[in-house]
Amino acid sequence: MTSSTHGSRRADMPLATRPDHLSGRRPVESPGVGNAVMERLQEVGTLTRLVEQGLSVALGINATDLAAMEHLTTDGPLTAKELADRLRVSTAASTHIVDRLEKAGHVVRRPHATDRRKILVEPVTESMDRLVGHLHPLLRGVEGLVEALAPRDRDVVEAFLTGVVQIYTDTADSFPRR
């Protein structure tokens, strides 16, 4: 998104000279304009999408397939139904996602160890290594920032981010499922 200096400068511009006005779009009043924390959160959201686009290209998959890979990386092998629940898609859509990932060599299907009726979707080690390799600088950088925080500050940041996650979760839950 915009930095606080750009955001403030834009808000101070006369309406007729603002880029959104010149393009014919109506300006959208956004909560948090001029609030540095809100602006940083917007930047994180925008940059997250850019990182996801880059990862999708690097792995040769689309954004939904990347989201599935992220769940498999975090949660380990899952059934197509469990993956559907996490992605908030139908089981039929989840099956198509798994088919694409399997065809691209990112996952394999394996029988469940204790329930013969279930098939687990398991990430391929080489794909996980590629994914983590691309994310390693980002993850190490953020980890360094967290480690540099005093324990008290870390608690404040954790509580704040927990609240943000809850708000995002509630919002995601309010949308209709595909």
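Q: Do strand 1 and strand 3 pair in the parallel or the antiparallel sense, and over how many bridges?
A: This is a predicted model: local features need pLDDT of at least 70, side-chain atom pairs count only at pLDDT 80 or more, and totals for chains, interfaces and linings use all residues. Residues are numbered from 1 along each chain as its sequence is written, and side-chain values use heavy atoms, leaving out hydrogens and water. Strands are DSSP runs of E, at least two residues long, and helices are runs of H or I, at least four, both numbered from the N terminus; strands pair if DSSP finds at least two bridges between them. Strand 1 (residues 78-79) and strand 3 (residues 119-123) pair in the antiparallel sense, over two bridges.

Q: Which residue in strand 3 is the bridge partner of Thr79?
A: Strand 1 covers residues 78-79. Follow the bridge from Thr79 into strand 3 and you reach Leu120.

Q: Over how many bridges do strand 2 and strand 3 pair?
A: Strand 2 covers residues 107-111. Val108 stands opposite Glu122 in strand 3. The sense of this pairing is antiparallel, and the number of bridges is five.

Q: Which residues does Val107 contact, leaving aside neighbours within four places in sequence?
A: Strand 2 spans residues 107-111. Contact means heavy atoms within 4.5 Å. From strand 3 and just beyond it to the helices, the partners of Val107 are Val121, Glu122, Pro123, Val124, Met69, Leu72, Val98, Leu101 and Glu102.

Q: Which helix gives the most to the largest nonpolar core?
A: A nonpolar core is a set of buried Ala, Val, Leu, Ile, Met, Phe, Trp, Tyr and Cys residues joined through side-chain atoms within 4.5 Å. The largest one has 20 residues, and Leu83, Leu101, Val107 and Leu131 have the most contacts inside it. Helix 3, helix 4, helix 5 (80-87), helix 6 (91-103) and helix 7 each supply at least two of its residues. With four residues, the top contributor is helix 4.

Q: Why is His134 classed as partly exposed?
A: His134 lies in helix 7. Buried means under 20% relative accessible area and exposed over 50%, with partly exposed in between (1.4 Å probe, protein chains only). His134 counts as partly exposed because its relative accessible area is 45%.

Q: What distance separates the C-alpha atoms of His134 and Leu55?
A: Not counting residues up to four places away in sequence, His134 touches Leu55 and Ala58. His134 and Leu55 are 79 residues apart along the chain. Their C-alpha atoms are separated by 7.3 Å.
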